[in-house]
Amino acid sequence: MADALYDLRKVEGAVNVTCKACGKSRLYDLEELIRSRTFQRQSTDWEVVEREMPCWHCADRTETRIAVVPYAANDRELRVRRAEMLMMNLALAVLKDSTVRATQIGVDTPAVRLALRVLRPFLPDRSLLVRFWNEGQAAIGVPANEVHFAHGWIVQALVKQGHSVWAEFRLG
C-alpha cells in the first residue's frame with residue numbers, strides 16, 4: 001500500500017472511513033484530508049492515519065476501517081484523470097515558482113506561458129489567467145504586489161470546479 005497520504009495521489013481518489021461499530025461511512029477528499037492533517041500538524045503517514053481516523057458519528061470514537069476509492073470507473077479513465085491532474089498541478093507549481101521571482105524578472109518566461117496555456121482548459125473563464133499575467137508584469141521592481149493572490153485565486157477557482165488541486169497549493 002502507500003507510505004503516506006501523498007502516495008495516494010497516484011490513484012486520484014477519495015478516502016472512505018467506515019466505523020466498525022456503527023457501520024456509518026464518510027468520504028473524504030484526499031487533498032482536503034492532506035490539507036487538514038498538515039494544518040493541524042498531524043502525521044500524513046498512512047499507518048498513523050489508519051490508526052487515528054475517528055468515527056465522527058459514534059460518541060466513543062471507536063475503531064474505523066479506511067479504504068481508498070478511485071474516482072475513475074476503469075484503468076483507462078483513471079490514467080486520463082491522473083494525467084490531467086498532474087499537468088494541472090505541475091502548471092500550478094510553475095506559476096507558484098514564478099511568483100517568487102516576479103519582483104526581479106516578472107513572469108514573462110516560456111515556462112509561465114506554457115503553464116497558463118495548460119491551465120486554460122480547466123478554467124472556463126480566462127480572466128484569472130490574464131490577471132495573473134498582468135499582475136506578474138506589474139510586479140517587476142515592486143516589493144508589494146498581488147501575484148501571490150492571483151495564484152491563490154486560480155487555485156480557488158480550480159478547487160471550486162472540483163479539480164484535484166494538491167494540498168500544498170491550497171494552504172497558501
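**Pocket lining and helix H4**

User: How do the residues of the lining of the largest pocket divide into nonpolar, polar and charged?
Analyst: In this predicted model, local features need pLDDT of at least 70 and side-chain atom pairs pLDDT 80 or more, while totals for chains, interfaces and linings use all residues. Residues are numbered from 1 along each chain as its sequence is written, and side-chain values use heavy atoms, without hydrogens and water. The lining (residues with an atom within 4 Å of a pocket point; a pocket is an open set on a 1 Å grid, where a 1.4 Å probe fits, with protein on both sides within 12 Å along at least five of seven lines) divides into four nonpolar, no polar and four charged.

User: Which elements give two or more residues to the lining of the largest pocket?
Analyst: The lining includes Arg 113, Leu 116, Arg 126 and Trp 133. The elements that give two or more residues (helices being DSSP runs of H or I, at least four residues) are helix H4 (110–119) and helix H5 (127–138).

User: Where do the buried residues of H4 lie around the axis?
Analyst: Val 112, Ala 115, Leu 116 and Leu 119 are buried (under 20% relative accessible area, 1.4 Å probe; exposed is over 50%, partly exposed in between). They cover an arc of only 100 degrees around the axis, so they lie on the same side of H4.

User: Which residues are exposed on the other side of H4?
Analyst: Leu 116, a residue of the pocket lining, is among the buried residues of H4. Exposed on the other side of H4 are Pro 110, Leu 114 and Arg 117.

User: Is Cys 19 buried or exposed?
Analyst: Cys 22 has 33% relative accessibility, so Cys 22 counts as partly exposed. Cys 19 has a relative accessible area of 3%, and therefore Cys 19 is buried.

Conventions: Nonpolar A, V, L, I, M, F, W, Y, C, P; charged D, E, K, R; others polar. Arc of directions from axis to C-beta.
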